[in-house]
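I opened this notebook to record what I looked up, entry by entry, with the cut-offs written beside each term. Here is the structure I worked from.

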Amino acid sequence: MADTQAVDPKAEQKAARLAQQISSFAKAHGGAEGQVAYLGRRGARIVLVGEDGGWGDLVAPSYAIAERAVEKAGITAHENFDGEFAAKVRTGPYEWSRMAGIQVGGPSNG
């Protein structure tokens, strides 16, 4: 029996575009792994961590589209952003200064 599940062409196009971006990130960073996090009505966040420790993220309009994009890109997807996966992230001075600013009440405005 043939699979008759309907596929939304716009959702599939968005997943394909995201998958292309994921693949480009992976190529630039010697490979990549990811994690999909639900953002509520805004959709889902795809957090990417490269083999070199570089990281980035993308936002998809839905969790299903994010999962499909990760699947199409062929990267390893983690359930959570913790443990060995989180330890792969390498941060630089910019991230540390941003985190410090958040901890002490945010950046100074004057």
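**Entry 1: the second helix**

I began with helix α2 and found that its buried residues are I65, A66, A69, V70 and A73, where buried means under 20% relative accessible area, exposed over 50% and partly exposed in between, with a 1.4 Å probe and protein chains only. Looking down the axis of α2, I noted that these buried residues fall within an arc of 135 degrees, so they line one face of the helix; the arc is that of the directions from the helix axis to the C-beta atoms. The general rule I wrote beside this is that an α-helix has 3.6 residues a turn, so residues three or four places apart point the same way. On the face of α2 turned away from the buried side, I found the exposed residues A64 and E71.

Before going on I noted that this is a predicted model, in which local features need pLDDT of at least 70 and side-chain atom pairs count only at pLDDT 80 or more, while totals for chains, interfaces and linings use all residues. Residues are numbered from 1 along each chain as its sequence is written, and side-chain values use heavy atoms, with hydrogens and water left out.

I also wrote down that helices (H or I, at least four residues) and strands (E, at least two) are DSSP runs, numbered from the N terminus. What covers the buried residues of α2 includes α1, β1, β2, β3 and β4. Helix α2 covers residues 63–73 and lies across β1, β2, β3 and β4, running at about 170 degrees to β1; axes are lines fitted to C-alpha atoms, for helices over the stretch in contact, and angles run from 0 to 180 degrees between N-to-C directions. Just after α2, I saw that G74 takes a positive phi of about 75 degrees.

**Entry 2: the sheet**

I then traced the four strands, which form an open sheet in the order β3-β2-β1-β4 with mixed pairing; two strands pair if DSSP finds at least two bridges between them. The edge strands are β3 (55–60) and β4, each of which pairs on one side only. From one strand to the next, the twist averages 25 degrees.

Strand β1 (residues 32–38) and strand β2 (residues 44–50) pair in the antiparallel sense over seven bridges, and across them I found A37 opposite R45 and V36 opposite I46. Their hairpin has five residues between the strands, and G40 there takes a positive phi near 85 degrees. With strand β4 (residues 76–78), β1 pairs in the parallel sense over three bridges, and the bridge partner of E33 in β4 is T76. I also read that β2 and β3 pair in the antiparallel sense over six bridges, with W55 in β3 as the bridge partner of V49.

Which residues of β3 point to one face and are buried? I found G56, L58 and A60 there, while W55, D57 and V59 point to the other face and are not buried.

**Entry 3: inside strand β1**

Why is β1 described as largely enclosed by the rest of the structure? Five of its seven residues are buried, so the description follows from that count. I looked up Q35, which is found in strand β1 and counts as buried at 10% relative accessibility. Leaving aside its neighbours within four places in sequence, Q35 is in contact with R45, I46, V47, H78, E79, N80, F81 and F85, where contact means heavy atoms within 4.5 Å.

**Entry 4: an aromatic pair**

The structure holds one aromatic pair. The rings of F81 and F85 have their centres 5.1 Å apart and their planes at 75 degrees, so the pair is edge-to-face; rings of Phe, Tyr and Trp (its six-membered ring) pair if their centres lie within 6.5 Å, and planes under 30 degrees apart count as stacked, over 60 as edge-to-face and the rest as tilted. I noted that F81 is partly exposed, with a relative accessible area of 36%, whereas F85 is buried at 3%.

**Entry 5: the first helix**

Last, I found that A15, L18, A19, I22, F25 and A26 are buried in α1. Seen down the axis of α1, these buried residues fall within an arc of 120 degrees, so they line one face of the helix. What covers them includes β1, β2, β3 and α2.
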